[in-house]
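Student: I should like to understand the terms used to describe this protein.
Tutor: Let us take them in turn.
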Amino acid sequence: MRVQKIAWFFLLMTILSQASIIEQKRWPKGETLVGFLSKHHIPTKLYYNLDREEKELAAEIRAGRKYILLTSAKGRIEHVLIPVSEELQIHIYKEDGKYKLRFDPIYYQKIQDAFSLSMQHSPYIDILRETGGNKKLANEFIAAFKKSVRFSRLIRKGDKLALIYTQKFRLGEPFGVPTIKAALVEARGRKYYVFNYHDRYYDERGNELEHFFLKRPLRHVRITSGFTRRRWHPILHRYRAHLGVDFGARRGTPVMAAGDGRVVFAGRKGGYGNVIILYHGQGYKTLYAHLSKIRRGIRVGRRIHQGQVIGYVGSTGLSTGPHLHFGLYKNGRAINPLQVVKIAKGYLSGKKLREFRRLVAKYKRELKALTHNPRAPKRVEIVKRLVEYKGEKDGKS
Ligand SMILES: [Zn+2]
């Protein structure tokens with residue numbers, strides 16, 4: 001198994017280099033990659049030599065994230081692994097006495113778990129009990145049903161709940177946010193479903209169950225680089241990712257808030273230059289990067305309305321031309337903002353609806369099996385090997 005291989009790799013490294021030290025640390029608030037490098041006497045050109053997309057990716061390192069540091073007995077850094085997303089990490093290592101930097105895939109296991117239960121208290125408490133305290137999962141479940149079911153009024157003791165979800169594990173520890181694939185609440189003889197389709201929740205008829213919709217942040221949009229979580233670049237022989245969409249626009253073009261929300265960050269952030277981050281509720285955040293200017297009065301805590309001008313297009317944090325990098329995050333995980341802009345009508349139709357219906361039929365069978373046979377095998381394990389590159393839809397980059 002991959003996870004074990006990685007563990008063995010570190011164990012081996014430890015033995016080989018005698019008395020090396022492996023530490024797991026948390027990334028400090030306000031720390032940038034350049035700052036980190038110079039602090040540890042690693043040449044900062046490792047950062048400056050990165051290209052535009054990689055610099056953006058380096059700006060995705062989040063405060064509080066766990067990273068791994070392997071130092072020799074003499075206190076010199078041998079390896080550093082810093083996650084930039086759930087898929088990729090920055091790997092700094094020594095080769096022929098020189099420091100190198102590259103983006104490596106994060107090896108993880110994705111485990112699908114499914115269970116059903118008879119409710120005793122509330123869906124939240126019952127899920128915590130069933131999963132040994134998985135708060136992220138319980139929160140996600142409540143959020144998914146928020147629009148369709150009022151649990152406090154509807155649920156009676158003995159009503160049924162069934163849930164299929166996946167969780168990633170790295171080095172034996174869960175990481176990232178669990179993904180609910182399908183869920184069922186059977187209350188007072190009625191069934192309420194939630195199905196996940198491209199990171200959004202729908203009822204069984206394909207109607208969207210979320211309130212959150214985005215507007216484009218620019219009046220005229222020209223996409224210069226699309227969204228991709230992880231991709232192997234066949235010519236550069238490197239892993240790449242672009243956790244947002246780049247819109248080409250002239251310097252000074254007004255940038256508008258994509259949705260109602262509150263400012264949670266406004267200032268400089270590594271390769272993103274001048275950045276504004278808005279929180280929209282329900283776990284959603286949007287990010288606007290490389291701004292030439294942040295509009296006066298836009299500061300942390302300020303309420304913002306959809307369509308309000310918050311800043312102006314520029315090229316801060318970068319050496320190439322002016323553009324807007326626009327990112328969307330759900331519970332800290334980058335998702336494709338265009339998905340949310342495009343399907344803003346709130347329901348599925350055509351080809352997407354047909355695909356969705358097939359998915360619904362499959363999950364309904366699985367959920368039914370869960371509620372009818374409590375002794376049915378609950379756990380399915382999927383080991384995902386990230387080395388085997390699976391194409392993900394790219395933009396024009
Ligand atoms: Zn970008």
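The exchange below treats confidence, the metal site and a sheet.

Tutor: This is a predicted model, in which local features need pLDDT of at least 70, side-chain atom pairs count only at pLDDT 80 or more, and totals for chains, interfaces and linings use all residues. Residues are numbered from 1 along each chain as its sequence is written, and side-chain values use heavy atoms, with hydrogens and water left out.

Student: How do you know what average confidence the protein has?
Tutor: pLDDT is the predictor's confidence in each residue, from 0 to 100. The protein averages 85, and 88% of the residues score at least 70.

Student: What makes certain residues donors of the zinc ion?
Tutor: Donors are N, O and S atoms within 2.8 Å of the metal (3.2 Å for Na, K and Ca); water is not among the atoms, so sites may look incomplete. E56 (OE, twice), H242 (NE2), D246 (OD, twice) and H325 (ND1) lie 2.0 to 2.8 Å from the zinc ion.

Student: Why is the arrangement called irregular?
Tutor: Six donors count as octahedral if opposite donors are over 155 degrees apart and all others between 65 and 115; four count as square planar on those limits, or as tetrahedral if all angles lie between 85 and 135 degrees; anything else is irregular. The 6 donor atoms here subtend angles of 51 to 167 degrees, so the arrangement is irregular.

Student: Why is H242 called buried?
Tutor: Buried means under 20% relative accessible area, exposed over 50%, partly exposed in between (1.4 Å probe, protein chains only). H242 has 1% relative accessibility and therefore counts as buried; D246, at 0%, also counts as buried.

Student: How do you know that β19 and β21 pair?
Tutor: Two strands pair if DSSP finds at least two bridges between them. β19 and β21 have 2 bridges, in the antiparallel sense.

How values were computed: Helices (H or I, at least four residues) and strands (E, at least two) are DSSP runs, numbered from the N terminus.
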